[in-house]
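Biologist: Could you take me through one part of this model closely? I would like to hear about the helices and what they pack against.

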Amino acid sequence: MDRTPVDSSALRSVGYDAAQRVLELEFVRGGLYAYLAVPRRVHRELMAAESHGRYFLREIRDRYEVRRLG
C-alpha cells in the first residue's frame with residue numbers, strides 16, 4: 001500500500017485502502033500498523049486534522065482491530 005508522509009510528531013506516514021477499509025499508520029518511534037474496518041471518513045478526517053497524533057488518539061486508537069505489520 002502506498003503511504004503519504006505527514007508532518008506529525010507521532011506519525012511518519014498514512015495509507016488507506018478504500019476497497020479493503022484498511023488504514024496503515026507508520027509511527028515516528030517505529031512500527032507499522034494496519035487498522036481494520038476503518039471508514040473512509042476517518043481517513044479523510046485524519047489527513048485533514050490539525051494534529052494527526054491527537055486525532056489518532058481520540059478517534060482511532062482502541063477503536064479498531066489492529067495488526068502490527070512491522
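Modeller: Happy to; here is a look at the two helices and the core they share. This is a predicted model, in which local features need pLDDT of at least 70 and side-chain atom pairs count only at pLDDT 80 or more, while totals for chains, interfaces and linings use all residues. Residues are numbered from 1 along each chain as its sequence is written, and side-chain values use heavy atoms, with hydrogens and water left out.

Let's begin with α1, which spans residues 40-48; helices (H or I, at least four residues) and strands (E, at least two) are DSSP runs, numbered from the N terminus. Its buried residues are Val 42, His 43 and Leu 46, where buried means under 20% relative accessible area, exposed over 50% and partly exposed in between (1.4 Å probe, protein chains only). These three lie on the same side of α1 because they cover an arc of only 100° around the axis, taken from the directions from the helix axis to the C-beta atoms. As a rule, an α-helix has 3.6 residues a turn, so residues three or four places apart point the same way. Arg 44 and Ala 48 are exposed on the face of α1 turned away from the buried side.

The buried residues of α1 pack against β2, β3 and α2 (52-60), with contact meaning heavy atoms within 4.5 Å. The axes of α1 and α2 come within 8 Å and cross at roughly 150°; axes are lines fitted to C-alpha atoms, for helices over the stretch in contact, and angles run from 0 to 180 degrees between N-to-C directions. The two helices are therefore roughly antiparallel, a label for angles over 145 degrees. On the α1 side, Arg 41, Val 42, Glu 45, Leu 46 and Met 47 meet His 52, Tyr 55, Phe 56 and Ile 60 of α2.

Turning to α2, the buried residues here are His 52, Gly 53, Tyr 55, Phe 56 and Ile 60. They line one face of the helix, because they fall within an arc of 160° seen down its axis. Their cover includes β2, β3, β4 (32-36) and α1. After α2 comes Asp 62, with a positive phi near 70°.

Finally, the largest nonpolar core has 16 residues, of which Leu 23, Leu 25, Tyr 35, Leu 46 and Ile 60 touch the most other members. Such a core is a set of buried Ala, Val, Leu, Ile, Met, Phe, Trp, Tyr and Cys residues joined through side-chain atoms within 4.5 Å. β2, β3, α1 and α2 each give two or more residues to this core.

Notes:
Parallel < 35°, antiparallel > 145°, perpendicular 65-115°, else oblique.
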